[in-house]
Each structure stands twice: as structure tokens, then as C-alpha cells.
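I set out to keep a short notebook on this structure, taking up one residue or region at a time and writing down what I looked up.

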Amino acid sequence: MTHEDAHMLMKFDAEIDKLAQVAEQLFFKIAEASRDGEGITRPAYCEQETTAGHVLREFAEAEGLRCGPDAVGNFEYVLEGEDKKNFVLMGSHLDSVPIGGNYDGLAGVVAGVLLQVALKRCGLVPKFSLKTIGFRGEESPWFGTAYIGSRLLLGEFAGEQLTSLRHSLTGQTLQQHLHELGVSVDVNAPGKNKLDLTCVKAYLELHIEQGPLLEAEGVPIGAATAIRGNIRRPFASCRGEYAHSAATPRHLRKDTVIATAHLVAAADRFWQELIDAGGNDDLIINVGIFSTNAAEHALTKVSGEVTFSLNVAGTNNAVRDALYERILNEAARIEKEFRVSFDFGSRVGTDAVQLDAGLISKTEKAARGLGLAVLTMPTVGHDAALFARAGVPAGMVLIRNQNGSHNVHESMEIRDFLDGVKVLARCALEPI
């Protein structure tokens with residue numbers, strides 16, 4: 001790094017520090033617009049998500065950035081560089097899970113905009129143009145599948161999905177929601193609005209760590225090495241037969257609660273066996289939905305119906321797939337033992353992807369250059385995975401948060417956030 005480069009970064013760092021209060025105000029204003037009891041709810045393609053994008057747009061335009069929707073309805077914030085054709089993409093998503101936290105996704109979009117604003121205030125022109133994207137619909141609860149905004153931008157949607165996917169709150173199809181935004185996506189040619197990847201030098205995403213590792217280790221910054229792939233069955237069910245609980249002996253029951261509980265316990269046992277054998281390979285199993293039918297269940301009835309979800313994730317696709325198949329085989333065995341039937345419904349998910357080695361190294365170097373401890377670690381699903389899989393060099397800067405994610409207590413220290421923006425800048429200004 002030349003003396004001039006070092007001086008430029010010092011100016012940038014000082015400007016970012018001055019934006020601490022602005023960052024807090026942006027986070028607060030967006031939180032107030034999406035408050036849902038104790039938590040935050042920003043449904044994809046709905047008013048709260050749109051408001052978040054507009055709050056940032058109002059700020060960014062006042063600072064001289066060029067803003068507007070991209071070709072598929074995501075929010076775009078642009079700072080032109082010396083090379084106006086080629087650009088570095090930064091960003092994350094604007095939606096949240098139901099009754100979740102304020103920083104999951106949003107922190108990455110705010111980070112990109114603040115980075116651009118700080119550069120402009122300093123009069124610093126990056127080599128490549130910088131585009132921050134506020135993606136819509138990254139979270140899966142709204143349409144039963146994830147990464148909608150980034151998949152649309154990358155041309156990865158099948159045409160029939162535009163009309164078959166329906167919003168869990170509005171009941172409208174994805175195509176209808178896009179139409180409301182003024183976006184025309186041809187069902188017969190859904191990829192025509194695809195981003196030209198030959199112009200993208202890198203994709204960078206700042207995101208809160210969504211687990212407790214950085215906080216537990218006392219480390220403020222994580223350099224993501226890989227994004228776990230997952231196999232998701234969001235609409236699984238077990239069918240049996242309702243019966244009088246006191247009149248039906250065990251051997252004649254078709255008890256879906258007991259059967260599904262056995263399946264979940266077996267899956268957890270398989271997971272533990274892999275951990276004990278030293279081959280867990282960052283595997284995750286989760287059953288986030290498990291419920292009987294509220295219209296029919298009762299204290300004195302054998303349950304004839306259970307709905308549940310299943311998520312199996314890991315950084316090694318082969319290991320993940322083997323575990324998943326073992327769970328399916330166990331389900332077939334349990335069906336016979338308990339006289340029930342499992343229907344796992346539609347399968348969604350993505351394969352694991354490794355992030356760019358050069359950007360991982362740059363993230364580590366940048367953090368250490370700022371006197372910050374940094375931990376290399378895998379992470380969970382993010383829009384970055386789509387870009388990495390499409391062949392774009394992709395990297396992620398993780399910020400510790402104190403209370404995990406996807407809950408109302410999600411937290412992030414503004415000091416850690418600003419340090420993360422400084423690390424992000426060092427990667428964005430010299431991505432290759």
C-alpha cells in the first residue's frame with residue numbers, strides 16, 4: 001500500500017466514524033416503520049420492506065448517490081467510479097423473518113450506502129463503480145423459498161414459479177407483486193432482465209453473524225469461508241388417524257405426534273453420531289415448525305395429523321445428502337412401525353458454496369490492519385451464495401451480534417458495525 005493509499009483510507013475511516021449517529025438514526029427509523037410487537041417484521045414485497053428501501057434512498061440521494069430500482073425491483077444505490085462500466089456489488093436483503101430482528105440483512109445494505117457516502121464526502125473516487133443492492137425476498141417464510149430478489153437478478157427463476165409461488169400473507173403470486181412494483185417479467189423468458197455478470201468485479205456482503213460464535217470468542221469480525229448448503233422441506237406432514245385417547249391401545253393407534261417425535265429424535269441421534277465420529281462437517285439439522293391441527297386437536301384425542309418442517313444443512317454437500325437420505329430411510333421404517341404416512345412436500349434449498357479465497361484473505365488482512373481480531377468461519381445462507389455459484393468472486397464480512405438472529409433480541413454494537421464497514425471498504429476498493 002502506498003503512502004497515498006494509506007492517507008486515503010485514514011480519511012475514509014474518519015468519515016465513517018462521523019457517520020455513527022447517522023447509522024443509528026437510519027436503523028431506528030427503519031425499525032420504527034417495521035415494528036411488530038417486540039420484534040421486527042418486514043415481509044417481502046410489502047410496505048415495510050419497501051419503506052426500508054425508500055428511507056435509505058432518501059438519505060443516499062441527499063448525499064448525491066444515484067438511486068432507483070434495478071431491472072427486477074430490488075433497490076439500487078450507485079457511486080460512480082473511474083471505470084463506469086465495471087462495478088463492485090455490495091449489499092444484502094431488506095426483508096426480515098416474522099417477528100425477527102432489525103439487523104439481519106439490513107445491516108449489509110446500510111453498510112454499503114454508508115461506505116459510498118463516506119467516499120463521496122471525502123472526494124474519493126473508487127477505481128470501479130460501487131453498487132449497493134437492497135435485495136427483496138431473501139428470507140424463505142414469505143414465498144416458501146429464499147433469495148428471490150437475487151435469483152431474479154441472476155436469471156435463475158423458472159417462468160412457472162412466477163405464477164405458482166404465493167405470498168404467505170397476501171396470497172398474491174410473485175408475478176402480481178412484481179407487477180405492483182412496475183416490474184414486467186416475462187413468464188416465457190424470465191431471464192431477460194438478467195444482470196450482465198461480465199461487468200461485475202466482485203460481490204461483497206456485510207452481515208451480522210447469526211449465531212453466537214464471534215460473541216463467545218470475543219472477536220468482532222468474521223471472514224466467511226463458505227456458505228452452508230441446505231435441503232429444506234418447509235411443508236412436511238405426517239398423517240395418521242384421530243382416535244379417542246382412552247379407548248385406543250398403543251398397538252392400534254396411528255399417532256402422528258409420537259411417530260414424528262421419533263423421527264426428529266432419530267435425526268438428532270444421527271447428527272450426534274457424526275459429531276462424535278469427528279465428521280460433523282458443520283452440519284445442521286433443524287425442525288422449526290412442529291404442530292398439530294388447531295381445529296381438531298384436543299387433550300383427549302390421538303393426533304391424526306402433524307405438520308412440520310425439516311432443514312438439513314452443511315458445507316459438504318455429499319455429507320449433508322447422506323444424512324438427509326438416512327433421515328428419509330428412518331421415516332420409511334417409522335411409517336411401518338406406527339402405521340402412519342409421511343409426506344415431505346416440495347423440496348427447496350441450495351448446495352453449499354465456497355467463497356473466494358482472495359477475498360477471504362483480504363478480509364482477514366483488512367481486519368488485522370485495523371487492529372481487529374478476525375475469525376475465519378462458515379456461515380449460513382445469504383445472497384452471496386447465488387453470486388459465488390454464478391462465478392462472481394464473492395466475500396462476506398461478518399459482524400458479531402450479542403443475541404443471535406431471527407429473534408426479537410437480535411443486537412449489534414454500532415462500533416463493531418463501523419469497523420465492519422471499514423473492512424468492507426478495503427475489499428471493495430481493491431477487489432482483485
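**Entry 1: Ile-227.** I began with Ile-227, which is buried, its relative accessible area being 1%. I kept in mind that I was reading a predicted model. When I looked up where Ile-227 sits, I found its place in strand β8, which covers residues 221–227. I then listed what Ile-227 touches, leaving aside its neighbours within four places in sequence, and I noted contacts with Ala-352, Val-353 and Leu-355, with Thr-379, Val-380, Gly-381 and His-382, and also with Ala-384, Ala-385 and Met-396. As one further check I looked up Arg-426, which is 199 residues from Ile-227 along the chain, and the C-alpha atoms of the two are separated by 22 Å.

**Entry 2: strand β7.** Next I asked how many residues of strand β7 are buried. I found that eight of its nine residues, in the stretch 200–208, are buried, and so the strand is largely enclosed by the rest of the structure. I then looked up its pairing, and I saw that β7 pairs with strand β5, residues 83–93, in the parallel sense over four bridges. In this pairing I marked Met-90, which stands opposite Leu-204 in β7. Strand β19, residues 394–399, also runs parallel to β7, and six bridges join the two. Here I noted that Leu-206 has Val-397 in β19 as its bridge partner.

**Entry 3: Ser-92.** I stayed with strand β5, since Ser-92 lies in it. Is Ser-92 buried or exposed? Its relative accessibility is 0%, and because buried means under 20%, Ser-92 counts as buried. Its side chain reaches the backbone oxygen of Gly-105 at 3.4 Å. Setting aside neighbours within four places in sequence, I wrote down the contacts of Ser-92, among them Gly-105, Gly-108, Val-109, Ile-133, Gly-134 and Phe-135. Its contacts also include Tyr-203, Glu-205, Leu-206 and His-207, as well as Asp-383.

**Entry 4: the largest pocket.** I turned to the open spaces and found that the largest pocket has a volume of about 1,200 Å³. It is lined by 39 residues, of which Ser-140, Arg-232, Asn-286, Asn-311 and His-406 are the closest to its centre. I then asked which elements give two or more residues to this lining, and they are β9 (229–239), β11 (284–286), β14 (305–314) and β18 (374–379). The largest share, five residues, comes from β9. When I sorted the lining by class, I had 16 nonpolar, 16 polar and seven charged residues.

**Entry 5: the cavity.** Last, I looked for enclosed spaces, and I found that the structure holds one cavity of 30 Å³ or more. The largest cavity has a volume of about 50 Å³. Its lining is made up of Leu-263, Val-264, Ala-267, Val-287, Phe-308, Leu-310, Ile-327 and Phe-344. At least two of the lining residues are supplied by α9 (256–276), and at least two by β14, while the largest share, three residues, comes from α9. By class, the lining of the largest cavity has eight nonpolar residues, with no polar and no charged ones. I set this beside the lining of the largest pocket, where I had written down 16 polar and seven charged residues.

Notes
Residues are numbered from 1 along each chain as its sequence is written. This is a predicted model: local features need pLDDT of at least 70, side-chain atom pairs count only at pLDDT 80 or more; totals for chains, interfaces and linings use all residues. Side-chain values use heavy atoms; hydrogens and water are left out. On a 1 Å grid over the protein atoms alone, a cavity is a set of points where a 1.4 Å probe fits but cannot get out, and a pocket is an open set with protein on both sides within 12 Å along at least five of seven lines; lining residues have an atom within 4 Å of a point. Grid points are joined across faces, edges and corners, and a volume is the space filled by probe spheres set on the points. Ala, Val, Leu, Ile, Met, Phe, Trp, Tyr, Cys and Pro count as nonpolar, Asp, Glu, Lys and Arg as charged, and the others, Gly among them, as polar. Buried means under 20% relative accessible area, exposed over 50%, partly exposed in between (1.4 Å probe, protein chains only). Two strands pair if DSSP finds at least two bridges between them. A polar contact is a pair of N or O atoms within 3.5 Å; within protein, one must be able to donate a hydrogen and the other to accept it, and residues adjacent in sequence count only if both atoms are side-chain atoms. Contact means heavy atoms within 4.5 Å.
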